[in-house]
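Trainee: I'd like to go through the helix packing and the pockets here, and ask how each label is earned. Can we start with a helix contact?

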Amino acid sequence: MGSIIVILLFSLSLIVCLLLKYSVVYALIIGYLIFISYGFMKGHNLIVLIKKSFEGVLTVKNILLVFIFIGMITALWRASGTIAFIVYMGSKLISPSILILLTFLLCSILSVLIGTSLGTAATIGVICFSIGKAMGINPYYVGGAVLSGIYFGDRCSPMSTSALLIAELTKTNLYTNIKLMIKTSIIPFVMTCLFYLFLGFNSTVSNISVNVTEIFKQNYNLNIIVIIPAILIIILSILKINVKKTMLLSIVVSFIIAMFSQKENIVSLINYCIYGYHHPNEKLNLMMKGGGILSMVNVGLIVGISSSYSGIFKETKMLVSLKKYLKDFSKKTSNYFVIFLSSIVSGAIACNQSLGIILTNELCEEIVDKQKRAIILENTVILLTGLIPWNTAMVVPLKTLDVGVMSGLFAFYLYFLPLWNLFLGVMKEKS
């Protein structure tokens with residue numbers, strides 16, 4: 001009973017921070033103090049609890065290092081013209097009837113390349129949404145397509161922090177996970193494309209000439225060479241080169257291209273790496289500013305503090321009774337179904353994707369083996385958190401687009417994939 005009260009208190013702190021619009025980091029710090037206090041009152045040594053919490057943080061040390069690389073790469077890809085080239089060339093293909101589908105596809109491609117849902121939403125997502133708004137297309141349709149696309153890559157990109165987190169937590173191979181993720185996503189991906197195509201051809205649009213992306217052509221040298229950093233990521237990922245080495249090489253190449261192709265000086269590029277990219281052109285800056293190591297501090301704190309909980313949970317055995325109940329329930333129903341429900345509850349309580357992943361993994365680690373668990377987590381909690389209106393996984397991208405949560409109804413991929421694999425999982429277990 002005490003563990004349930006503690007979790008409810010933590011949930012309350014998350015809700016209060018959400019309502020008062022404070023950073024979720026404050027709630028996570030409060031949660032840390034609550035869980036440490038609970039363990040201490042249960043007779044556990046305070047020093048041991050703190051030590052165990054730091055051991056939990058160490059399990060994601062590689063993730064935190066990757067955060068630094070992501071901050072640098074997202075800034076340098078902006079400075080080198082890599083993202084501008086992708087957006088410019090992709091946007092030239094857009095026509096009103098297929099805008100919604102292309103929004104999904106372009107966001108999917110860019111999110112795979114840069115591995116960040118928020119970075120994708122803030123770049124190609126904003127561009128596609130602005131074009132759709134000018135054409136008079138229902139903003140919820142385009143917002144839903146953006147949500148679907150940004151989490152396509154957030155789930156299966158080799159640069160995705162969530163994919164890396166799950167690989168670390170489950171002790172599985174990232175590239176094996178990606179291979180299985182692609183295999184389990186084919187049918188939902190095709191279904192999503194068909195639904196967006198249907199929405200596009202049945203949407204009322206206005207005949208407006210769209211030249212939004214001309215600003216990229218005017219302010220960047222869009223030579224084909226600027227796409228090299230992105231191509232490197234793809235090729236080296238296919239060759240299964242270490243993610244950190246792959247990103248580091250892309251960072252170096254982006255730095256060089258930015259110097260010689262975009263005429264950026266070394267001091268400016270170093271500043272971009274730390275503080276994020278910015279451009280003197282105000283209109284361009286609104287679309288392209290961002291990235292930098294400092295932009296990853298908040299998410300780094302969220303993952304770091306959240307990860308410390310796992311060590312405390314294991315030491316205090318706080319979740320043992322709940323885990324036992326879930327294990328018994330899975331025998332009566334389905335392993336996949338229990339993890340599916342756990343991911344929804346964890347995502348709703350945690351208010352952020354990272355902690356949702358950690359809680360779901362902690363609760364369900366004894367239900368299935370590590371490889372199956374990794375893929376089920378990828379097919380559930382990663383996507384379902386993007387459908388919870390108070391979870392930062394949904395709130396932040398939609399706030400970036402300035403559109404309401406009704407967009408979630410049209411984020412087809414986020415529930416097609418979990419439901420399709422739930423159906424297959426349950427059928428397989430019953431057969």
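Mentor: Sure. In H4, Gly71, Met72, Ala75, Leu76 and Ala79 meet Leu269, Tyr272 and Cys273 of H14. Keep in mind that this is a predicted model.

Trainee: What makes those residues of H4 and H14 a contact?

Mentor: The cut-off is heavy atoms within 4.5 Å, and the residues just named in H4 and H14 are the ones that meet. By class, the contact of H4 with H14 has 7 nonpolar residues, 1 polar and no charged.

Trainee: Which residue is the polar one, and how do you know that?

Mentor: Glycine counts as polar in this scheme, and Gly71 of H4 is in the contact. Tyrosine and cysteine count as nonpolar, so Tyr272 and Cys273 of H14 go with the nonpolar group.

Trainee: Why are H4 and H14 called oblique?

Mentor: Their axes are 7 Å apart and the packing angle is about 135 degrees. Roughly antiparallel needs an angle over 145, and roughly perpendicular runs from 65 to 115. The value fits neither, so H4 and H14 are oblique to each other. As for handedness, H4 passes H14 in a right-handed crossing.

Trainee: What makes H17 and H18 oblique?

Mentor: The axes of H17 (residues 320-332) and H18 come within 7 Å and cross at roughly 135 degrees. That angle is not over 145 and lies outside 65 to 115, so H17 is oblique to H18. The crossing of this pair, H17 and H18, is right-handed. On the H17 side the contact uses Leu326, Phe329 and Ser330, and on the H18 side Asn335, Phe337, Val338, Leu341 and Ser342. Sorted by class, the contact of H17 with H18 has 5 nonpolar, 3 polar and no charged residues.

Trainee: Why do H18 and H23 get the label roughly antiparallel?

Mentor: The axes of H18 and H23 cross at roughly 150 degrees and come within 8 Å. The cut-off is over 145, so H18 and H23 count as roughly antiparallel to each other. H18 brings Asn335, Tyr336, Phe337 and Phe340 to this contact, while H23 brings Pro418, Leu419, Asn421, Leu422, Gly425 and Glu429. The classes in the contact of H18 with H23 are 6 nonpolar, 3 polar and 1 charged.

Trainee: How do you know which residue is the charged one in the contact of H18 with H23?

Mentor: Glutamate is on the charged list, so Glu429 of H23 is that residue.

Trainee: On to the pockets. What lies nearest the centre of the second largest pocket?

Mentor: Tyr336, Lys372, Ile376, Gly425 and Lys428 do, out of 21 lining residues. Helices H10 (174-201), H18 (335-350), H20 (370-379) and H23 (412-430) each give two or more residues to the lining of the second largest pocket. H10 gives the most to that lining, with 7 residues. The space in the second largest pocket is about 550 Å³.

Trainee: What is the volume of the largest pocket, and which residues are closest to its centre?

Mentor: The largest pocket has a volume of about 1100 Å³. Of its 44 lining residues, Leu118, Asn298, Val299, Thr392 and Val396 are the closest to its centre. H22 gives the most to the lining of the largest pocket, with 6 residues.

Trainee: And how does the lining of the largest pocket divide by class, into how many nonpolar, polar and charged residues?

Mentor: The lining of the largest pocket has 22 nonpolar, 17 polar and 5 charged residues.

Definitions and conventions. Residues are numbered from 1 along each chain as its sequence is written. This is a predicted model: local features need pLDDT of at least 70, side-chain atom pairs count only at pLDDT 80 or more; totals for chains, interfaces and linings use all residues. Side-chain values use heavy atoms; hydrogens and water are left out. On a 1 Å grid over the protein atoms alone, a cavity is a set of points where a 1.4 Å probe fits but cannot get out, and a pocket is an open set with protein on both sides within 12 Å along at least five of seven lines; lining residues have an atom within 4 Å of a point. Grid points are joined across faces, edges and corners, and a volume is the space filled by probe spheres set on the points. Helices (H or I, at least four residues) and strands (E, at least two) are DSSP runs, numbered from the N terminus. Axes are lines fitted to C-alpha atoms, for helices over the stretch in contact, and angles run from 0 to 180 degrees between N-to-C directions. Angles under 35 degrees count as roughly parallel, over 145 as roughly antiparallel, 65 to 115 as roughly perpendicular and the rest as oblique. A crossing is left-handed if the near helix is turned anticlockwise from the far one by less than a right angle, and right-handed if clockwise.
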